[in-house]
Amino acid sequence: MNLEKTDFNNTTSSVGLYFIVYSDRAEDEVVDPKKYLEESCKPKCVKPLLEYQACVKRIQGDDSGHKHCTGQYFDYWHCIDKCVAPKLFAKLK
Amino acid sequence: MVGGGVIQQILRRKLHSQSLTTPVRSWFSSKNAHVEAGSSGVRAFALLGAGVTGLLSFSTVASADEAEHGLACPDYPWPHDGILSSYDHASIRRGHQVYQQVCASCHSMSLISYRDLVGVAYTEEEAKAMAAEIEVVDGPNDEGEMFTRPGKLSDRLPQPYANESAARFANGGAYPPDLSLITKARHNGQNYVFALLTGYRDPPAGISIREGLHYNPYFPGGAIAMPKMLNDEAVEYEDGVPATEAQMGKDVVSFLSWAAEPEMEERKLMGFKWIFLLSLALLQAAYYRRLKWSVLKSRKLVLDVVN
């Protein structure tokens, strides 16, 4: 917090008026708008997310190394991207 | 994917229907003996061959297909997208700062000169000062020797590596491409580069990336040599704009778009002007054509019957 004291000397009165200004310094933590929007778009993309999680569970025991969930992963992130893209630039300079 | 399965079924049905009418043995015998009678047999055999090949390639392609092409990037509403929209030059200036501080250590932009930045992102004095910070090899001088001097406006942006081999050697065999034309050199370049830079994520379950590479779903194949370079507040912008990952991504892509298409604004103005003028010319030409043809088109032909 910045405290600025400005002496405001009023000629008509013998006592100077003190003018205290508080200014908020910018947040130390900047929030990346894209991450924020991706989080807020999660409820819209629950179905592909659940499909992905189901796939993760299905292949959990697999040791062959051939099984993977790229398809479901892509579906989920495609849904998120479609949701985020129109809104993102409004949050940027 | 679905089409492949449907074609499979159609082929099977065709083959089944044929096999009901003609047993297999007679196919081959008829094929050898008579050309006409065997033509349907040959066709069926060919269909079977096509079906089998389709099935075999189908099963291997489907699993590799998605990662091979990379995740399709979304379309972002770039401020310079409209038919008469110009670049956001403040964004270009910030983007150049990001390039210089984050990207220039590995990526060259050897088609851009300092003088190109004047009037676009920097004033002449600023650009001169920036150029003077680099050392350029020049020569030969009167004694026949090469010498180094501070940069001038006419010099190109400095290259991080002397040649491609040096670049590959320093980056584990991968060549960081020159960025002068990158947004034109990639399909849907602007959106792709933005998605790529801001799209570093954990890989999906079952995918492991070898040491030295990083996962990025937008990169064809998924394994990219470049690590995530845009992190919040990696750069401090001169104009005080908060340098989040998305902000830096947008600014650097604006800069790269300008670098690849510096003529864009003039082109759009010219396009608008000439399309307008040519539309007027079209109307004039249409009127003139109809005027000239009206003589013929308003002819009356009288058919007289001679008895």
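A residue counts as buried when its relative accessible area is under 20%, as exposed when that area is over 50%, and as partly exposed in between. By that cut-off Glu261(B), at 17% relative accessibility, is buried. The structure is a predicted model. This briefing covers annotated domains, the largest pocket, salt bridges, a surface patch and backbone geometry.

**Chain A and its annotated domain**

- Chain A contains three helices and two strands, and their order along the sequence is β-β-α-α-α.
- Of the 93 residues in chain A, 30% are classed as buried.
- An unreviewed UniProt entry assigns "domain: Ubiquinol-cytochrome C reductase hinge" to residues 32-93 of chain A.
- Across residues 32-93 of chain A, helix accounts for 65% and strand for 0%. The C-alpha atoms at the two ends of this stretch are 13 Å apart.

**Annotated domain of chain B**

- For chain B, an unreviewed UniProt entry lists "domain: Cytochrome c" at residues 90-246.
- Residues 90-246 of chain B are 32% helix and 8% strand. The end C-alpha atoms of this range lie 16 Å apart.

**Largest pocket**

- The volume of the largest pocket is about 630 Å³.
- Its lining consists of 27 residues. Those nearest the centre of the pocket are His107(B), Pro176(B), Pro177(B), Ile224(B) and Met226(B).
- Helix H4 (89-103), helix H9 (189-198) and helix H10 (245-260) of chain B are the elements that give two or more residues to the lining of the largest pocket.
- H9(B) provides the largest share of that lining, with four residues.

**Salt bridges**

- Over all chains, the count is 19 salt bridges.
- Side chains of opposite charge can pair when their charged atoms come close.
- Asp88(B) and Lys250(B) form a salt bridge with an N to O distance of 4.0 Å. This pair connects distant parts of the chain, 162 residues apart: Asp88(B) is in the loop between helix H3 (35-69) and H4 of chain B, and Lys250(B) is in helix H10 of chain B.
- Within this pair, Asp88(B) has a relative accessible area of 25% and is therefore partly exposed. Lys250(B) is buried because its relative accessible area is 3%.
- Lys128(B) and Glu124(B) form another salt bridge, at 3.4 Å from N to O. Both residues lie in helix H6 (residues 124-132) of chain B; they are four residues apart, so about one helical turn separates them.
- Lys128(B) is partly exposed at 46% relative accessibility, and Glu124(B) is partly exposed with a relative accessible area of 38%.
- A salt bridge also joins the side chains of Arg267(B) and Glu261(B), at 3.2 Å from N to O. Arg267(B) is partly exposed at 38% relative accessibility, whereas Glu261(B) is buried at 17%.
- Asp32(A), Lys35(A), Lys228(B) and Glu245(B) belong to one network, joined by salt bridges that share partners.

**Nonpolar surface patch**

- A nonpolar patch on the surface is made up of Met270(B), Trp274(B), Phe276(B), Leu277(B), Leu278(B), Leu280(B) and Leu283(B). Together these residues have about 730 Å² of accessible area.
- One of the patch residues, Leu280(B), is located in helix H11 (residues 264-297) of chain B.
- With a relative accessible area of 42%, Leu280(B) is partly exposed. Patch members need over 30% relative accessible area, so the value for Leu280(B) satisfies that condition.

**Backbone geometry**

- The peptide bond between Gly139(B) and Pro140(B) is cis, with omega about -5°. Pro140(B) is in the loop between strand E1 (135-138) and strand E2 (147-150) of chain B.
- Asn188(B) is not a glycine, yet has a positive phi of about 55°. This residue is in the loop between helix H8 (182-185) and H9 of chain B. Asn188(B) is partly exposed, at a relative accessible area of 29%.
- Glu233(B), also not a glycine, has a positive phi of about 60°. The loop between strand E4 (223-224) and H10 of chain B holds Glu233(B). At 48% relative accessibility, Glu233(B) is partly exposed.

Definitions and conventions
Residues are numbered from 1 along each chain as its sequence is written. Chains are lettered from A and ligands numbered from 1 in the order in which they are written. This is a predicted model: local features need pLDDT of at least 70, side-chain atom pairs count only at pLDDT 80 or more; totals for chains, interfaces and linings use all residues. Side-chain values use heavy atoms; hydrogens and water are left out. UniProt positions are given in the numbering used here, feature names are shortened, and annotations may be inferred rather than shown by experiment. Patches are made of residues with over 30% relative accessible area and no salt bridge: like charges are joined within 9 Å, nonpolar side chains (Val, Leu, Ile, Met, Phe, Trp, Tyr) within 5 Å. Accessible areas come from the Shrake-Rupley method with a 1.4 Å probe; for residues, only the protein chains shown count as cover. Buried means under 20% relative accessible area, exposed over 50%, partly exposed in between (1.4 Å probe, protein chains only). On a 1 Å grid over the protein atoms alone, a cavity is a set of points where a 1.4 Å probe fits but cannot get out, and a pocket is an open set with protein on both sides within 12 Å along at least five of seven lines; lining residues have an atom within 4 Å of a point. Grid points are joined across faces, edges and corners, and a volume is the space filled by probe spheres set on the points.
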